[in-house]
Amino acid sequence: MEKNNQKLLQIDELKTYFYTLDGVVRAVDGVSLAIKPGETLGLVGESGSGKSVTAHSVLRLLPPKTSKIVQGQIRFRRRDTSAEIDLANVDPHGDLIRSIRGNEIAMIFQEPMTSLSPVFTVGHQIIEAIRLHQGSSAQEARQKAIDMLQAVGLGMADQLVDEYPHRLSGGQRQRAMIAMALSCRPSLLIADEPTTALDVTVQAQILDLMNSLKERFNMAIWIITHNLGVVAEMADRVAVMYMGRVVESGDVRTIFHQPLHPYTVGLLQSIPKMGAQIKNRLAPIPGSVPDPFSIPAGCAFRTRCPAIAAHCQAEAPMLEVEPGHYVRCCLYA
Ligand SMILES: Nc1ncnc2c1ncn2[C@@H]1O[C@H](COP(=O)(O)OP(=O)(O)O)[C@@H](O)[C@H]1O
Ligand SMILES: [Mg+2]
């Protein structure tokens, strides 16, 4: 058995920068977060806060010429040996990361066609993934693919296996992508805005599906979303990200009931309230996300913060305000 304090993934002080013609984008600027085996971590924050770049750093899926991991560690515990490797330090094109990607860490995206190819049948793609990672025979792999399509709730899986992705509905495609991701039994599933493109009913079904598959396959889920409703539905713990940094983290109840960072408070207030007048439904955080070339010095949120204090010009340290509840805000220093 895993020890309770043993982490599956531990990211420490990660910095990932882009080098563009307009200057350096500090997309991830000192992120630390950890995921235990079997747990669901929700990473939330507005668009542009660096969530996807953090995930792409882990899988080393960043554009090679224009980006760089400039600092930090990404420690990942291997499935069979329990050995820990630092993914920040592996060759992004080497065999090691290839054997981890899709095999021990799988990723699903907002747009299923990012991972499903339009020119192959759904089954072909799952079968290839199974054969590549598990070395099964063609016959075995086909049966495993059908089983997997059934496991994600697709009816008539023995027929769907021979269909092309464009013949499926949006929800069915999302299920097929999940089937492909899970066919290699990853210990970590990274889901980056997996339901953002789906309508509300299908969204709820996919979240339910992921919750039940997590139990069944005993994996950890890292769910990335701008939608706090999705986090409430899925996560055990939550990390809130703003401008390339985690500003608050804690268990899901604490974050929803006792948020401390003014940014978290603002995000929670902007959740649409059921039954409220359309006009009064959203209380968005005032102002907009600063552009990535002019991140304010000190606390990056201070240009929008309703609780601005003089010492916000200095960088706020991450404080553990109570066990397991961390906040990066000078109000609590
Ligand atoms: N390939 C890239 N080149 C330059 N900047 C990028 C690139 N990808 C992302 N960024 C920038 O990095 C920041 C974080 O982006 P991202 O991680 O996609 O945000 P999120 O997923 O939270 O919406 C943004 O300012 C974005 O413009
Ligand atoms: Mg994103």
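Tutor: Helices and strands are DSSP runs, numbered from the N terminus, with at least four residues for a helix and at least two for a strand. The model here is predicted.

Student: Which element gives the largest share of the shell around ligand 1?

Tutor: Helix α1 does, with three residues. β1 and β2 also take part: like α1, each supplies at least two residues of that shell.

Student: How many residues surround ligand 1, and which are the closest?

Tutor: There are 14, and the closest are G48, G50, K51, S52 and V53. By class, six residues of the shell are nonpolar, six are polar and two are charged.

Student: Which side chains bring an N or O atom to an oxygen atom of ligand 1?

Tutor: K51 does so at 2.8 Å, and S52 at 2.9 Å. V53 uses a backbone N or O atom instead, 2.9 Å from an oxygen atom of the ligand. The protein covers 66% of the 560 Å² of accessible area that ligand 1 has on its own.

Student: How do I read the sheet?

Tutor: Strands of a sheet pair through backbone hydrogen bonds, either parallel or antiparallel. In this model four strands form an open sheet, ordered β2-β1-β4-β5, with antiparallel pairing.

Student: Why is one side of β2 and of β5 left without a neighbour in the sheet?

Tutor: β2 (23–35) and β5 (84–86) stand at the edges, so each has a single partner strand. For β2, pairing with β1 (residues 9–20) runs over nine bridges; in one of them, T16 has V28 of β2 as its partner.

Student: Where does α1 lie?

Tutor: Helix α1 (residues 51–59) lies across β1, β2 and β4 (67–77), at about 105 degrees to β1.

Notes. Residues numbered from 1 in each chain as written. Chains lettered and ligands numbered in written order. Predicted model: local features only at pLDDT ≥ 70, side-chain atom pairs only at ≥ 80, totals over all residues. Heavy atoms only, no water. Pairing = 2+ DSSP bridges. Contact = heavy atoms within 4.5 Å. Axes fitted to C-alpha atoms, helices over the stretch in contact; angles between N-to-C directions. Near = heavy atom within 4 Å. Polar contact = N/O pair within 3.5 Å; in protein donor to acceptor, adjacent residues only side chain to side chain. Areas by Shrake-Rupley, 256 points an atom, 1.4 Å probe, with all protein chains shown as cover. Nonpolar A, V, L, I, M, F, W, Y, C, P; charged D, E, K, R; others polar.
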